[in-house]
Structures are given as C-alpha cells and as structure tokens.
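Please examine the sequence and the three-dimensional model shown below. The paragraphs after it lead through the architecture and then through selected residues.

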Amino acid sequence: QSLKKIGFTNITIYEKTNRVGGKSYDIKYRGIEHPQGTIFAEANYFDNLIPLALEYGAGDYVKIPSYNVWRTNSAQDENSKLMLSQFIRGRVAPLTNSTNPQVNLGFPLQKTIHYVKLHK
C-alpha cells in the first residue's frame, strides 16, 4: 500500500547514490542512451512494488517461462529431457558432494554472490 493511500502528504524520498533510479540503469553506447530497466524482481517485490507498477502502468510484468534442458544432444532420447532444477542438481552435486536439493540449488547462488562481492 502506498504512503499516500494511508494518509501521508509530506514525503521525502532519499536516493542511495547521486542519481534517481535505484536498480534501474541506462547504458550509454556510442552516444545513444539504452534504458535497461530493472529486470529481476525479488519475492518481496510482489507485496508492494509490482502492484504499484501495474497500478500506474510503469513497465511490464513478464513471467519468465520455464524451460527444459537436454542431457544429451539427441531429441530421440526420451530420458534426456530434464527440468532446469534437475539439470542443475545433476551438474552441481559432484561439486557439493551432496544429494540435498537445497544445497545443490543454493550453491550457484552462493558462488554468484561471492563473485559479485569480490568484484564490486
């Protein structure tokens, strides 16, 4: 629910950096601005940000479709088609030495976070 809807009338918004936009960045390439927008929404965004964006027509909400991964290079192999989570678990399990789905699905995310922290 927005602050205005619950009665606030004098609101000051502070930005973390010297520019407006939060996680949304524009890239200037060869002198032309290319708006990138915010492409990922965290689960808590669906409680507040997504409903506000939809209410005010700010952008589009596009659900990423699920897709499958082929274990082998043959569409003829019926046992080859895997859901993405099955593929990740199968590829990551040897790295984690675990058969726990939570451990294996969390591993790539932990490594990504570690990489981002190292390269900030």
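The description begins with the whole chain and proceeds to individual contacts.

The model is predicted. The protein contains three helices and four strands, and, read from the N terminus, these elements follow the order β-β-α-β-β-α-α. Of its 120 residues, 9% count as buried. The exposed area of the protein is about 11100 Å², of which carbon and sulfur atoms supply 56%. Among contacts in the protein with a separation of 6 or more, 3% are accounted for by residues 24 or more positions apart.

The packing of two helices may be considered next. Two packed helices are described by the angle between their axes and the distance between the axes. Helix α2 comprises residues 84–96 and helix α3 residues 101–118; the two pack at an angle of about 90°, and their axes are 8 Å apart. Angles of 65 to 115 degrees count as roughly perpendicular, and α2 and α3 are therefore roughly perpendicular to each other. On the α2 side, the contact is formed by S85, I88, R89, V92, A93, L95 and T96, which meet P101, V103, N104, L105, F107 and P108 of α3. By character, the residues of this contact of α2 with α3 divide into nine nonpolar, three polar and one charged.

The loop between α2 and α3 holds N97. Although N97 is not a glycine, its phi is positive, at about 55°. With a relative accessible area of 72%, N97 is exposed, since residues over 50% fall in that class. A second residue with a positive phi is R30, which is likewise a residue other than glycine and has a phi near 55°. R30 is placed in the loop between β1 and β2, the latter being residues 32–35. Its relative accessible area of 71% makes R30 exposed.

Attention now turns to charged side chains. Side chains of opposite charge can pair when their charged atoms come close. How many salt bridges does a search of the whole structure find? The search finds one. In this salt bridge the side chains of E55 and K5 meet, with an N to O distance of 2.8 Å. E55 belongs to helix α1 (residues 49–55), whereas K5 is in the segment before β1 (26–29), so the pair ties together parts that are 50 residues apart in sequence. Are the partners buried, partly exposed or exposed? E55 is partly exposed at 41% relative accessibility, and K5 is partly exposed at 48%.

Another pair of residues distant in sequence is N48 and S2. These residues are 46 positions apart along the chain, and their C-alpha atoms are separated by 8.1 Å. N48 is located in the loop between β2 and α1, and its relative accessibility of 40% places N48 among partly exposed residues.

The final stop is the loop between β3 (68–70) and β4 (81–83), where T72 lies. Which residues does T72 touch, not counting those up to four places away in sequence? T72 touches D77 and S80. At 33% relative accessibility, T72 counts as partly exposed.

Notes. Residues are numbered from 1 along each chain as its sequence is written. This is a predicted model: local features need pLDDT of at least 70, side-chain atom pairs count only at pLDDT 80 or more; totals for chains, interfaces and linings use all residues. Side-chain values use heavy atoms; hydrogens and water are left out. Buried means under 20% relative accessible area, exposed over 50%, partly exposed in between (1.4 Å probe, protein chains only). Contact means heavy atoms within 4.5 Å. Accessible areas come from the Shrake-Rupley method with a 1.4 Å probe; for residues, only the protein chains shown count as cover. A salt bridge is a side-chain nitrogen of Lys or Arg within 4 Å of a carboxyl oxygen of Asp or Glu. Axes are lines fitted to C-alpha atoms, for helices over the stretch in contact, and angles run from 0 to 180 degrees between N-to-C directions. Angles under 35 degrees count as roughly parallel, over 145 as roughly antiparallel, 65 to 115 as roughly perpendicular and the rest as oblique. Ala, Val, Leu, Ile, Met, Phe, Trp, Tyr, Cys and Pro count as nonpolar, Asp, Glu, Lys and Arg as charged, and the others, Gly among them, as polar.
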